[in-house]
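Ready for a few exercises on a protein fold? Have a look at the structure below, then try each task before you read its solution.

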Amino acid sequence: MNMASPSNDSKMAATGITGLDDVLCGGLTSHHLYLVEGVPGSGKTTFALQFLLEGLRRGESVLYVTLSETESELRAVSASHGWSLEGIDIRELVPSENSLRPDDQYTMFHPSEVELSETTKTILADVDRLRPQRVVFDSLSEIRLLAGNPLRYRRQILALKQFFVGRDCTVLLLDDMTSSQHDLQVQSIAHGVVRLEQMYPEYGAERRRLIVLKYRGVAFRGGYHDYVIRKGGLEVFPRLVAREHRPEPALEKMASGVAALDALIGGGIERGTSTLVIGAAGTGKSSLAAQFVAAAAARGDRSAMFLFDEGLNTLLTRTEGLGIDLRAHLRDGKITMQQIDPAELSPGEFVNAIKVAVERHQARIVVIDSLNGYLQAMPEERFLIIQLHELLNYLAQAGVATILIGAHTGLIGAHMQSPVDASYLADAVVLMRYFESKGEVRQAISVMKKRGGEHERSIREFKLTRKGIVVGPPLREFRGVLTGVPVMETDGKADTAR
């Protein structure tokens with residue numbers, strides 16, 4: 001956060017974009033001039049229309065001055081979002097086809113000297129006549145061309161700012177950043193600057209993010225914030241800052257309903273902690289998480305599951321075969337499941353989905369299945385582990401029990417590797433392993449770490465049956481189970497387990 005919050009006397013002009021207003025700590029301070037810059041296609045026009053429509057909703061008069069897009073193009077953008085522009089005064093200053101005729105070309109003066117003067121007079125006259133409380137100029141690149149040289153352009157922008165002083169008007173200047181030399185002069189003149197960015201990963205849909213470069217006297221949330229453009233306008237996902245959320249003091253235990261499993265883990269998982277369940281594919285990690293979720297739903301607690309790897313129907317069908325009925329709890333709203341499309345996801349949108357589950361739907365258990373899918377969904381993101389750390393802190397302070405699923409590559413022995421070491425982030429680590437005994441492939445479970453609580457040190461057999469999860473007695477006749485290559489010990493002699 002930067003600077004200090006605006007005083008109570010400062011009236012805020014909400015942008016109409018909930019997430020952005022959160023980033024701006026309430027919106028834009030009224031009666032100032034702001035710069036919104038971004039490459040073509042980043043959503044500047046949509047942003048501007050949402051800003052004006054919010055003004056209309058609040059009973060304010062608004063004006064859209066367009067020097068680049070025609071009114072029909074603006075109405076097409078509006079229609080694509082299901083909006084009506086009724087009530088918005090649109091002043092179209094796009095050159096007409098008549099300006100292409102030789103008779104209309106200037107001969108004694110440079111065109112910029114005449115056109116900029118005429119354009120400015122028209123704009124100022126409209127403002128004096130309509131007395132709008134919100135104005136959008138689209139775009140500065142046209143004024144820059146009309147000005148002809150950088151000095152005249154800067155003077156023109158400064159003159160516009162001075163003109164609006166004392167007119168109780170909040171102004172947005174849109175800049176498409178098409179100039180070969182990016183001019184920082186307008187940034188210095190503006191009261192605040194918001195930049196919209198658009199990126200193209202090697203695979204999947206484009207990604208968009210915004211950053212507030214400047215906002216005088218306001219404690220805005222710094223850094224990059226992901227956003228998307230959907231029908232209905234821009235949706236901004238503010239960057240998660242865990243310290244802004246009040247911590248939950250209680251560490252209530254949440255049992256799985258399987259007595260031997262709860263004994264192994266020390267009574268269950270605690271609210272406000274994170275548990276990493278890690279092991280090779282097929283060892284029962286997702287089934288273990290599903291057992292905790294089903295037990296919580298039976299107690300009346302809500303849970304949210306975010307699936308990167310397994311399909312919803314596959315998970316529901318498989319758990320039904322284990323006697324874990326997630327489908328009934330899904331129908332009554334105790335459990336929510338969201339299938340994540342890796343090619344369409346941004347980190348901010350994923351975090352926002354979790355926040356909605358926690359704050360709106362009151363989820364007490366959150367399952368992320370799996371960390372491998374989470375990392376592979378966003379391979380070009382450089383700071384996912386830091387974001388995961390912030391997310392886990394937020395969930396802990398919200399009193400949520402988080403279950404992270406991590407899959408090893410490889411099935412047994414030295415070939416097993418983790419794509420990312422997240423064990424230091426988790427409060428508890430549950431290790432799932434395969435082992436061989438008497439010609440059969442079996443599974444084992446053990447708790448390797450648990451902060452602030454007692455747990456068994458034993459390694460137990462873990463079975464998935466039609467009647468549910470079964471945790472057997474400690475595997476005392478084996479050693480080397482954790483390596484995936486166990487050895488059976490009989491009468492003081494060691495034999496390789498078969």
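**Exercise 1. Find the charge that lies over the face of tyrosine 224, and then a second case of this kind at phenylalanine 51.**

Step 1. Start at tyrosine 224: arginine 209 lies over its face, at 3.5 Å from the ring centre. A charge counts as sitting over a ring if NZ of Lys or CZ of Arg is within 6 Å of the ring centre and within 35 degrees of the ring normal.

Step 2. Now go to phenylalanine 51, where the charged end of arginine 134 sits over the ring, 4.5 Å from its centre.

Before moving on, some ground rules. This is a predicted model, where local features need pLDDT of at least 70 and side-chain atom pairs count only at pLDDT 80 or more, while totals for chains, interfaces and linings use all residues. Residues are numbered from 1 along each chain as its sequence is written, and side-chain values use heavy atoms, with hydrogens and water left out.

**Exercise 2. Work out which glutamate meets the side chain of arginine 134 in a salt bridge, and where the two residues lie.**

Step 1. The partner is glutamate 60, with 2.6 Å from N to O. The term salt bridge asks for a side-chain nitrogen of Lys or Arg within 4 Å of a carboxyl oxygen of Asp or Glu.

Step 2. Place both ends: arginine 134 is in strand 6 (residues 134-138) and glutamate 60 is in the loop between helix 2 and strand 4 (62-66), so this pair ties together parts that are 74 residues apart in sequence. Helices (H or I, at least four residues) and strands (E, at least two) are DSSP runs, numbered from the N terminus.

Step 3. Check burial, where buried means under 20% relative accessible area, exposed over 50%, and partly exposed in between (1.4 Å probe, protein chains only). Arginine 134 is buried because its relative accessible area is 1%, and glutamate 60 is buried too, at 14%.

Step 4. There's also a network to spot: salt bridges that share partners join Glu54, Arg57 and Arg58.

**Exercise 3. Decide whether arginine 57 and glutamate 54 are buried or exposed.**

Step 1. Locate the pair: both residues lie in helix 2 (residues 44-57), three residues apart, which is about one turn of the helix. Their closest N and O atoms are 2.8 Å apart, and they form a salt bridge.

Step 2. Compare each value with the cut-offs. Arginine 57 has a relative accessible area of 61%, so arginine 57 is exposed. Glutamate 54 has 11%, so glutamate 54 is buried.

**Exercise 4. Say how many salt bridges a search of the whole structure finds, then look at the one between glutamate 37 and arginine 195.**

Step 1. The search gives 24 salt bridges.

Step 2. In the chosen one, the side chains of glutamate 37 and arginine 195 meet at 2.8 Å, N to O. Glutamate 37 belongs to strand 3 (residues 33-38) and arginine 195 to strand 8 (residues 192-199), so the pair ties together parts that are 158 residues apart in sequence.

Step 3. Glutamate 37 has a relative accessible area of 0%, so glutamate 37 is buried.

**Exercise 5. Trace the order of the nine strands in the open sheet, and name its edge strands.**

Step 1. The order is 5-4-6-7-3-8-9-10-11, and the pairing is mixed. Two strands pair if DSSP finds at least two bridges between them.

Step 2. The edges are strand 5 (88-92) and strand 11 (233-237), each of which pairs on one side only.

Step 3. From one strand to the next, the twist averages 20°. Angles run from 0 to 180 degrees between N-to-C directions, and axes are lines fitted to C-alpha atoms, for helices over the stretch in contact.

Step 4. Zoom in on strand 8 and strand 9 (residues 207-215): they pair in the antiparallel sense over eight bridges.

**Exercise 6. Find what kind of aromatic pair phenylalanine 163 and phenylalanine 164 make.**

Step 1. A search of the whole structure turns up five aromatic pairs. Rings of Phe, Tyr and Trp (its six-membered ring) pair if their centres lie within 6.5 Å; planes under 30 degrees apart count as stacked, over 60 as edge-to-face and the rest as tilted.

Step 2. For phenylalanine 163 and phenylalanine 164, the ring centres are 5.2 Å apart and the planes are at 80°, so the pair is edge-to-face. Both of these residues, phenylalanine 163 and phenylalanine 164, are buried.

Step 3. Widen the view: Phe137, Phe163 and Phe164 form one aromatic cluster.
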